[in-house]
Amino acid sequence: MRKYPKLRTLLIVPTSFLFLLMVGGLALSAFFIYSSNVRNSSYTQMEATSEQVLRNYETYFDSAVQVSDGIYSKYATLSPLDSGELTDYFDTLIELKPEILSISVYNASNGEPIARDSNSYFIYDIMDSDWFLGALEDPYINVFTRGFSDGVPYSFILSRYLVSDVEGGIDAVAKIDFDFSQIVETISPVSLGEGGRFIIYDRDYRTIYASNESSLDEAYSYIHRLVLGSTTVNLEGHSFYLYCMTISNTTWRVAIFINVDSLTTAISTFAWSISLVALAAIIIYLVFASLLASRITKPILLLQREMSRVEGLEYEAYLSTGISGSREVNELSRSFENMMKRIRQLMDDVVKEKEEQKRSELKALQNQINPHFLYNTLDSIIALIDRGEGEKAEKMVVALSRFFRISISRGHNIIPLGDEIEHARNYLLIQKMRFGDAFDFKIEKAEGLDGLYVVKLVLQPVIENSINHGMREGEVGHISIRAEKDEKYLYLSIEDNGYGMLPAKLAELDASMRSKETYQGVGLKNVYERLRVYYGNESDVKIESTPDVGTKVTLIIPLKGARENEGE
Amino acid sequence: MKANKWFLPWILLSLCLFACQGSPRLRVTMFVYDSNDTFMASFAEEMEGILDGDFDFSVSFAEREQAAQTLAAISAIEGGTDALIINLVDRLSAGAIIEKAYREDVPIVFANRKPLSSDFNPKAVDADYSRWIDENCFYVGSYPLYEGRAQAEIANAFFGGPGKFAKGEFDRNGDGLVQVAVMKGEQGHQDAEERTSACLSGLEELGYSIDVVKTAYGNWERQSAFNEMTSFPIDDIELLFSNNDDMALGVVDYLKVDSAGKEEESITEAYFPIVGVDATAQGREAVDQGDIIGTVVNDAHGQCEWISKIISHLLKGEELGKVPEFVSEEGNYYYVEGGIYSSLV
């Protein structure tokens, strides 16, 4: 059989799952939006910073190109013999730009020296030098190459093809050496953060200048992979924004590393805090959800407990208190309450119906008494009349008439005790006359019995038994009727002085009287049942008998019942 | 019947997939150094007219910022464009862009600004890279040597030959030499330098003796040329070569301001003959009006046709075919010859 989940589980688990999904989604999207925004804005800033650095150097290289342009124009109009004027010009340039280390000019076709500034020296065997070949390769551009000047960590060479416009002039190549370290000092610094650096390198990835030489190979491996553009890299335990770009007017490139630790820290801090907030939200939700679930399920549990009591046939199950939950649960418990009320009402109805039924049964029992007695009496009256004993017959008719009036009692079941005794007396009179004074009787009625009622016709059947079974042949029987009471009960006793019964017979009689099996015709059982119907378990019929002495039957009726008249 | 429930969604999904995939048109992105350059702007239009049908074509202008152009080219390369046409801002940047394009295998045709020969033939790298460049990198541009010579021819036609010049009205100071001024395009631009030297040497080859009185860089711009003219010894000049029409018009602008109040009808008569290059619409108009004596056609259409051939070759594997007559070939460099626009020749 399938196992159904608890309501509590049903309430908490799916909603918690949804909530988790929602909070998780929110947290994730917040994180992505935040980090991409932060990244974008800071990358825009990094890019601007990088472009600033780039522009600074481009501006510088432009000014270097202007120097070369100056030399170009000067050389075009100078006689090759006028090297002295060139030397003066070069000296002036160096004076103006202290980062220039030396300027010299060589014959473009054979590499012979032509002119130089006054403080430097010519170099020889230049025909294979990069700067010389570069200038020859494309005579219209300024060629920037790595320098190897003594005592200067970073230097570069600007070489330029020079055209002479004068008669007999020879084309030449100018070589200008620059000290890069000095250039860096003249350029306004830009903060690149801890470990930040920039590297200027040529197209073969040879360093022209590096602001920081540590882990240079690793730095180059990133640069080599990127070539151009920007990315994020890790170097020496820091995160860097890396920007690689070409430098205008040169074939060189610059790589700029800007420390972005603060950015990654900011993003990871945000990630932590948003996870914490999300976690807190989920915990709070779980607490609320379980509280809510208890609020809903607790009254239902109570209801269920009450209902299981009903299943155990405890119809007293009653809620009303202790159940306060949602409106639905309240209505449910109210409905249950109403249902229980209804059940009780129905049960009461059933009891009443049963009583009615008993009452009608009772009437039937009472009605069983009469016929034989009536026929016998009427026969006796006829016999008396036949014998001419009119006076006796009259007496008998009167007694019979009283007997029946009380028997009928206008349909009442309950009659005053006095009437019942009177009824018994009339019966005894009739019988005494019929049986020819075979017995005598006496009726004793104790004081204080006025106002008591009894079920009618309870004495007569017992008396009938005494007459039928209690008379000894040839002896005058004595029948004594006594009515008395104590604090709780009314006792009506019928005593005879007949044969009596052996204890075994007595026990049998008692048992048959009390048995539930219905066999009719036995007066004692009829009386017993009627008492029980009317007065419940408290009423009883007590039979005492001693063989050869007599039998005494006592009807015990609770006083409480005896004080009630029918229908009151 | 259960399948029916899924039928419609499936149809929609497949339709969507089909529509999304479509027929993938190859993307070609063009980069132009400056939208204000009349010649390059019309060049870009010409290029679009030829390529737009077959390719997903777009143009981006750098406004003379190499860094901006480089970044745009990088994002195009990384964004999956299939081929680049680049008119560089700074022709020395070619090497780095080629290296970047090699990483993503995106072929490049350089237009108008010629990469260094060492960019097309790098010495210090692996054979794979060299081979890739050989197969995927090209240059298509004008033919500056031809243009310079054509400029000299226009001047020659105007002067009526060296003999006639030496005695005639155009030799203003009567020294027999042609006092020449040159408005050059841009420092380091191969076309500027080569047109300049070609027009001067062309004049010499035609038998003239020349005296270069002034050269200046007008940055290919009308306004810059106008500004540069203030330093020109106007009265000494007998002939002015301009590396392009925009600058020639800048010179005309300057002279028109200067000539206010002078009696002569035309600039040429009042001052000196001017020769331009490119034959832009405005340049032709100036020729028609007699402001300049002629211009050399920088054959944008011819260049674009050839570029489109190369693009089709690179992306669709079509045969490049034989180089037309008006195209000179030199390795992966192609130079397209134009013609002369002048009433004189």
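How many residues does helix α6 of chain A have, and how far does it reach from its first C-alpha to its last? Some notes on that and a few other things, bearing in mind that this is a predicted model.

1. Helix α6 of chain A covers residues 261-311, which makes 51 residues. From first C-alpha to last it reaches 72 Å, close to the 75 Å expected at 1.5 Å a residue. Have a look at A:T297, though: α6(A) has a kink of about 25° there, shortly before the proline A:P299. That proline is also on the list of buried residues of α6(A), along with A:L263 and A:E306.

2. Staying in chain A, there is an open sheet of 5 strands, in the order β7-β6-β10-β9-β8, with antiparallel pairing. The edges are taken by β7 (207-210) and β8 (229-235); each has a single partner strand, so one side of each is left without a neighbour in the sheet. On average, neighbouring strands are turned by 20° against each other, direction ignored.

3. Zooming in on one edge of that sheet, β8(A) pairs with β9 (residues 238-246) of chain A in the antiparallel sense, over 7 bridges. If you want a register check, A:T231 stands opposite A:L242 in β9(A).

4. What lies across the strands of this sheet? That would be helix α5 (residues 216-226) of chain A, which lies across β6 (197-201), β7, β8, β9 and β10 (253-259). The helix runs at about 150° to β8(A).

5. Over in chain B, take strands β6 (residues 178-184) and β7 (residues 210-217): they pair in the parallel sense over 7 bridges. Here B:V180 stands opposite B:V212 in β7(B). To get from β6(B) to β7(B), the chain crosses through helix α9 (residues 190-205), and this β-α-β crossover is right-handed.

6. Now for where the two chains meet: 22 residues of chain B are in contact with 19 residues of chain A. On the chain B side, the elements giving two or more residues are α3 (66-78), α4 (94-104), α5 (117-120) and α9. The most comes from α4(B), with 6 residues. So α9(B), the crossover helix of point 5, turns up here too.

7. Last one: helix α11 of chain B, residues 245-258. Its 14 residues reach 20 Å from first C-alpha to last, close to the 20 Å expected at 1.5 Å a residue. The helix is mostly covered, with 10 of its 14 residues buried. Among them are B:M247, B:L249, B:V251, B:V252, B:Y254 and B:L255, and also B:D245 and B:D246.

Key: Residues are numbered from 1 along each chain as its sequence is written. Chains are lettered from A and ligands numbered from 1 in the order in which they are written. This is a predicted model: local features need pLDDT of at least 70, side-chain atom pairs count only at pLDDT 80 or more; totals for chains, interfaces and linings use all residues. Two strands pair if DSSP finds at least two bridges between them. Helices (H or I, at least four residues) and strands (E, at least two) are DSSP runs, numbered from the N terminus. Axes are lines fitted to C-alpha atoms, for helices over the stretch in contact, and angles run from 0 to 180 degrees between N-to-C directions. Two residues are in contact if their C-beta atoms, placed from the backbone, lie within 7 Å. A crossover is right-handed if, with the strands pointing away from the viewer, the path from the first strand over the helix to the second runs clockwise. The expected span of a helix is 1.5 Å times one less than its number of residues. The bend at a residue is the angle between axes fitted to the seven residues ending there and the seven starting there. A residue is buried if 20 or more other C-beta atoms lie within 10 Å of its own, exposed if 12 or fewer, and partly exposed in between; C-beta atoms are placed from the backbone.
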